[in-house]
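Colleague: Before we look at the model together, could you walk me through how one reads such features, beginning with the interface?

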Amino acid sequence: MINVVKRRSKGDVVFNIINYTVFILITLICVYPFYYIFINTISSNDLSANGQIIFYPQQIHFSNYLRVFQLSGLGTAAIVSVLRTVIGTIAAVFGSAVLGFLFTKDMWHKKFWYRFVVLTMYFNAGLIPQFMTFRMLGLTNNFLVYVLPAIVGPFNVILVKTYIESLPPSLEEAAEIDGAGVMTVFSKIVFPLIKPIIATIAIFSAVGQWNSFSDTLIYITDSHLYTLQYILYTYINQANSLASMVKQVSGNNTAESITNAVTAITPTSIKMTVTMIVVLPILFVYPFFQKYFTKGIMIGAIKG
Amino acid sequence: MSNSAKANSEPNVKKISSWHSGKQKERFKLFLIALPFLCLVFLFAYLPLYGWLYAFYYYEPPLKLSQCTFAGLHWFQYLVSNTVQVKTILNVLRNTFAISGLGILTSWVPMVFAIFLTEIKSGKVRKVIQTCTTLPNFISWVLVYSIAYALFSYNGPINNLLTSMNIIPSNINWLAQDNHTWLAMTLWGMWKGTGWGAILYMAAIAGIDQELYEAAAVDGAGRFRMIWNITLPELLPTYFVLLVLSIANFLNNGFDQYYVFQNSFNQEHIQVLDLYVYNLGIGSSSFSLATAIGILKSFVSIVLLTLANRASKCIRGSTVI
């Protein structure tokens, strides 16, 4: 499609102009919101609260970021979010890799157990039954609720299994003839070979863990286990808690907060700064790992 | 490895010796390694089904289920018992259908997006556009809500822009009104999902045989003719599979999006089925009723999935699952 049409007619030029314009607009619509919030967090809080910072930052300062962690609960939430992302991702990678590998071997009633796992993608017991079950298992107000359910993701298991099956079997067979046990074959030979699909799973898992919100909402009432996403949601919605937080942070510098409207903390500045903190890891990591996303989709699509 | 199995002709002896053979042991050993993971699957996907029992009791926490009165089909009958309840359910279903319906109506957008993106000759520009437009897919709905809040607030840039261009007379309180809630939800869904959805189609387009286009060019086909006669037919199978899947998921709108955007103003139009079940169960502690609704939803979803699968087999010749 790309290289074929060689003649440049007037219609072509018009089409290209319109096409480019439309896509530039779409790209701006996708990117501008992030830009808008960012420039507001580094601009004068006074102007920002009045909605006057639209296209470029004014009266730049960084005190929003420097002081945002004085908000009680935010530091804990950040730690919880990071921990669940790291531990949850490692758990998911481990679970899907091992189980996916085992399903490529001759296992006792393999077909049955494989269907057992894959079938779970197509039904859902429901919100309340799941809540009841988790409560019964002691997973409410427990950090493990972020990790344990993520270990076996049926889709990830399928991805790994399909990928391993596409590798030449001679490598595994050679190791087995040499007397390697099955887990040695897995760790020394198979796992290094499936790194691409593992990378894809790891990235999707990490993003999923970082963005996860409803599990905190439903299963956690202990504020020490709140994640950044949950805290952000409460900040946006509860003006009251924000007002007291504003007092709490600027209370340390009352003289400054009265006289300096630029750096005085406002509910708007809190909301925006926390938003930036929550989105920044994604923004940084995303361009680098984009190719893994695309690859994962293609492998998943071929199977699905 | 297991020659003893082949040597014996009697079935019973064969069974015993094959059990003792190394192969069988090995197979079972592999199962044992997998067992912990299979237990996890059982605990989190199959065990909750036991929770369906709650729909058949007058469950009142903190009493245990065994101490509560059996209710039979009471909660199911309750759903259609009084006019207020019926009205609520119909409302919720209407919202769910509307939003799912709008989703299906706009399901062609990622495909068209991909087709026209491929028309941009420069690979570098395409890559930048793809990176930027797939970014919204990777942020949470909480972040989307935060962005919506920042952009559409009373003093926000959207209001400033529209009033300065005189499109609207004065600032509108976008977030505290219920006009066009369905449209807004659909648009946010499109903002978040179009770029990402297009990736699949981009990959499909990249896989189309270039010779088809060259032959068409020789025959004098223009750009649009090529899209219509070559690109589109190649993409339709993928589109169809996704369409069938979204029909199967008609009742599953998702939860996060509607929870974060819901407020006292837009309740009437934003409460989809999943959100309603949450509000009922966890919000109002009507566990039994919420479970009953969940059971009904599961049944309908399975029926939809089977129908969609059947339809796919009839039309495409192969099933989706």
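Modeller: The size of an interface is often given as the accessible area lost when the parts come together. Here, in what is a predicted model, we can count residues instead: 71 residues of chain A are in contact with 74 residues of chain B.

Colleague: Which helix of chain A supplies the largest share of the side that touches chain B, and how do the residues of that side divide into nonpolar, polar and charged?

Modeller: Helix H16 of chain A, residues 267-303, gives the largest share, with 13 residues. As for character, the side of chain A that touches chain B holds 52 nonpolar residues, beside 16 polar and 3 charged ones.

Colleague: I would like to see a single helix pair across the interface; at roughly what angle do the axes of H5(A) and H3(B) cross?

Modeller: Helix H5 of chain A, residues 110-118, and helix H3 of chain B, residues 22-46, have axes that come within 10 Å and cross at roughly 35°, and the crossing is left-handed. On the H5(A) side the residues are A:Trp113, A:Phe116 and A:Val117, which meet B:Ala34, B:Leu38 and B:Val41 in H3(B). The residues of this contact divide into 6 nonpolar, no polar and no charged.

Colleague: How should I read the nonpolar cores, and which residues have the most contacts inside the largest one?

Modeller: In soluble globular proteins, nonpolar side chains tend to be buried together. In this model the largest nonpolar core has 118 residues, and those with the most contacts inside it are A:Val160, A:Leu232 and B:Tyr145. Helix H4 of chain A, residues 74-102, contributes the largest share of this core, 11 residues. If residues up to four places away in sequence are not counted, B:Tyr145 touches A:Ile236 as well as B:Val260 and B:Phe261. There is also a second, separate core of 13 residues, which includes A:Phe23, B:Ala114, B:Ile199 and B:Tyr201.

Colleague: Turning to chain B as a whole, what is its radius of gyration beside that of a compact globule, and how many helices and strands does chain B have?

Modeller: Chain B has a radius of gyration of 27 Å, whereas a compact globule of 321 residues would have one near 20 Å. The C-alpha trace of chain B spans about 90 × 70 × 35 Å along its principal axes, and the chain has 16 helices and 0 strands. Of its 321 residues, 31% count as buried. Finally, among contacts in chain B between residues at least 6 apart in sequence, 59% join residues at least 24 apart.

Methods
Residues numbered from 1 in each chain as written. Chains lettered and ligands numbered in written order. Predicted model: local features only at pLDDT ≥ 70, side-chain atom pairs only at ≥ 80, totals over all residues. Contact = placed C-beta atoms within 7 Å. Helix = DSSP H or I, 4+ residues; strand = E, 2+ residues; numbered from the N terminus. Nonpolar A, V, L, I, M, F, W, Y, C, P; charged D, E, K, R; others polar. Axes fitted to C-alpha atoms, helices over the stretch in contact; angles between N-to-C directions. Left-handed = near helix turned anticlockwise from the far one by under 90°. Core = buried A, V, L, I, M, F, W, Y, C linked by C-beta atoms within 7 Å. Buried ≥ 20, exposed ≤ 12 C-beta atoms within 10 Å, placed from the backbone. Rg over C-alpha atoms; globule rule 2.2 N^0.38 Å.
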